[in-house]
Amino acid sequence: MTRISFVLMLFCAVMFAQDNSLFLGLSMGTSRLHFDITSDTLTSQTTEVDDGEGNISSITTELRERTINRFNTSTRNYFGAIAGVRSFLQPELAIRGYMEYEYHPTTIKNSIDGDRNSKYYNLMLGVDGMYYFMRNTNFGISAFAGVGAVYSRYDSYLVSAAGEEFKKIGTLGYMANVGVHVDIITHHGIDIGARYLANEVSKKAGSFANDVRIDNTAKILQKPAFFVRYVYQF
């Protein structure tokens, strides 16, 4: 069973559990990206060889030259919205399933043609387990931890060493998060947490110029993110 299938099963279990309550929320946080651009320049060199008896043959060898450019994005705030269901299994134990959308504006630092603006999006389907250390009608505090499936879409316009653009790259992966949830007053709650995403994406592109072939590979990885989330619990 894949991790994504496991997350979907947990999400369905929450949705159909008893004692459910809906919640809606808004989130913001900080995030960064890491890029690796690998360029392999392939050239052919032909050498004529004389065997000493007047027979000339040609031998072609391929030469490869590799360059690696590494970029990071600046740390920027991102914004999101969340909707889900929370269900109490016991007075101190709850589970929640949710869908969350995030918009990440960012800036690629030290790219080939200087800093440039970029953006990416995350769409997540997650399940958290919650353990309440304290809970009454108006106040509660709990720790939470969970996993989820995430689809990421990068509109990065990242220029490789060969001058090509890698843009509109999408990938499917998974995430894990931990944090603290506080019920402030009736219906109102705050989450403070951190999230790790395992969804590195790799995309290749090639080009020819004057009998020279250039193979480029772009790898994009999201760094751990930190977030604050407000939720209204019906």
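Quick vocabulary first: a residue is buried at under 20% relative accessible area, exposed at over 50%, and partly exposed in between (1.4 Å probe, protein chains only). By that scale, Phe133 is exposed at 60%. You're looking at a predicted model, where local features need pLDDT of at least 70 and side-chain atom pairs count only at pLDDT 80 or more, while totals for chains, interfaces and linings use all residues. Residues are numbered from 1 along each chain as its sequence is written, and side-chain values use heavy atoms, with hydrogens and water left out.

**Strand β1 and its neighbours**

- Strands here are DSSP runs (E, at least two residues) numbered from the N terminus, and β1 covers residues 20-31.
- In a regular strand, side chains alternate between the two faces of the sheet.
- β1 does just that: Ser21, Phe23, Gly25, Ser27, Gly29 and Ser31 point to one face and are buried, while Asn20, Leu22, Leu24, Leu26, Met28 and Thr30 point to the other and are not.
- Two strands count as paired if DSSP finds at least two bridges between them; β1 pairs with β4 (residues 76-90) in the antiparallel sense over 12 bridges.
- β1 also pairs with β14 (residues 225-233), again antiparallel, over eight bridges.
- Leu24 has a bridge partner in each: Ala83 in β4 and Tyr232 in β14.

**Salt bridges**

- The whole structure has six salt bridges, meaning a side-chain nitrogen of Lys or Arg within 4 Å of a carboxyl oxygen of Asp or Glu.
- Asp128 and Arg96 are one such pair, with the closest N and O atoms 3.2 Å apart. Asp128 sits in β6 and Arg96 in β5, so the contact ties together parts that are 32 residues apart in sequence. Both residues are buried.
- Arg229 bridges to Glu100 at 3.1 Å between the closest N and O atoms. That connects β14 with β5, across 129 residues. Arg229 counts as buried at 0% relative accessibility, and Glu100 does at 2%.
- Glu102 and Arg195 meet at 2.4 Å, N to O. Here the link runs from β5 to β11 (residues 188-198), 93 residues apart. Glu102 is buried at 0%, and Arg195 at 2%.
- Shared partners join Arg96, Glu100, Asp128, Asp191 and Arg229 into one salt-bridge network.

**Aromatic rings**

- Rings of Phe, Tyr and Trp (its six-membered ring) pair if their centres lie within 6.5 Å; planes under 30 degrees apart are stacked, over 60 edge-to-face, and the rest tilted. That rule gives six aromatic pairs.
- Tyr103 and Tyr121 have ring centres 5.7 Å apart and planes at 40 degrees, so the pair is tilted. Tyr103 is in β5 and Tyr121 in β6 (residues 116-135), so parts 18 residues apart in sequence are tied together.
- Tyr131 and Phe133 pair edge-to-face, 5.4 Å centre to centre with 80 degrees between the planes; Tyr131 is partly exposed at 43%.
- Ring pairs link Tyr101, Tyr103 and Tyr121 into a cluster.

**Charges over rings**

- A charge sits over a ring if NZ of Lys or CZ of Arg is within 6 Å of the ring centre and within 35 degrees of the ring normal.
- Two salt-bridge arginines also do this: Arg96 lies over the face of Phe144 at 4.8 Å from the ring centre, and Arg229 over that of Tyr98 at 5.8 Å.

Key: Helix = DSSP H or I, 4+ residues; strand = E, 2+ residues; numbered from the N terminus.
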